[in-house]
Amino acid sequence: ATPRHAFMKQLIEALPSAAFETSLSPYLSVFFSTGPLFLTIQYYYFPDKALVHTLPAILYSAQIQGVSFFSHTGGSSWHEGDAK
């Protein structure tokens, strides 16, 4: 990210109010307070979406072998019984 980027500032400022804990599942606590849902909600409310750039799907998907910069490895290594 660009130093002092407005979207990163919004994310950091929203973290305290997004804190969510539940005894039901540690997975839900992460998902709602700092995970993908948090990021998606913050993007939704960000007023200047043109300032936020995302990678094209070809760079993070498995559509073409050997091209992707990222991959997803399953395993639920940080989950407890909530994800099994």
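## Close-ups of a three-helix chain

**View 1. Helices H2 and H3 run roughly parallel to each other.** This is a predicted model, so keep that in mind for every view here. The axes of H2 and H3 cross at roughly 20° and come within 4 Å. An angle under 35 degrees counts as roughly parallel, which is why this pair gets that label. Who meets whom? On the H2 side you'll find Phe31, Phe32 and Ser33, and on the H3 side Pro36, Leu37 and Phe38. Sort the residues of this contact by type and you get five nonpolar, one polar and no charged.

**View 2. The chain is built from helices, with zero strands.** Reading from the N terminus, the elements go α-α-α. The chain has 84 residues, and 20% of them count as buried. Now take the contacts with a separation of 6 or more: 43% of them join residues 24 or more positions apart. How sure is the predictor? The mean pLDDT of the chain is 78, and 70% of the residues reach 70 or more. Confidence is highest in H1, at 91, and lowest in H2, at a mean of 75.

**View 3. Helix H1 covers residues 6-18.** From first C-alpha to last, the 13 residues of H1 reach 18 Å, close to the 18 Å expected at 1.5 Å a residue. Which residues of H1 are buried? They are Phe7, Gln10, Leu11, Ala14 and Ala18. Look at how those numbers are spaced, and then remember a handy rule: an α-helix has 3.6 residues a turn, so residues three or four places apart point the same way. The buried residues of H1 pack against helix H2 (26-33) and helix H3 (36-45).

**View 4. Glutamine 42 sits in helix H3.** Is glutamine 42 buried or exposed? Its relative accessibility is 12%, and anything under 20% is buried, so glutamine 42 counts as buried. Leaving out residues up to four places away in sequence, glutamine 42 touches Phe7, Gln10, Leu11 and Ala14. You've met those four already, among the buried residues of H1.

**View 5. Lysine 49 lies in the segment after H3.** With a relative accessible area of 31%, lysine 49 is partly exposed. Its contacts, not counting residues up to four places away in sequence, are Tyr43 and Tyr44. Here's a fun pair to find: lysine 49 and phenylalanine 7 are 42 residues apart in sequence, and their C-alpha atoms are 8.8 Å apart in space.

**View 6. Arginine 4 lies in the segment before H1.** What is odd about the phi of arginine 4? Most residues other than glycine have a negative phi. Arginine 4 isn't a glycine, and yet its phi is positive, at about 60°. As for its surroundings, arginine 4 counts as exposed because its relative accessibility is 81%, and the cut-off for exposed is over 50%.

Note on methods. Residues are numbered from 1 along each chain as its sequence is written. This is a predicted model: local features need pLDDT of at least 70, side-chain atom pairs count only at pLDDT 80 or more; totals for chains, interfaces and linings use all residues. Side-chain values use heavy atoms; hydrogens and water are left out. Helices (H or I, at least four residues) and strands (E, at least two) are DSSP runs, numbered from the N terminus. The expected span of a helix is 1.5 Å times one less than its number of residues. Buried means under 20% relative accessible area, exposed over 50%, partly exposed in between (1.4 Å probe, protein chains only). Contact means heavy atoms within 4.5 Å. Axes are lines fitted to C-alpha atoms, for helices over the stretch in contact, and angles run from 0 to 180 degrees between N-to-C directions. Angles under 35 degrees count as roughly parallel, over 145 as roughly antiparallel, 65 to 115 as roughly perpendicular and the rest as oblique. Ala, Val, Leu, Ile, Met, Phe, Trp, Tyr, Cys and Pro count as nonpolar, Asp, Glu, Lys and Arg as charged, and the others, Gly among them, as polar. pLDDT is the predictor's confidence in each residue, from 0 to 100.
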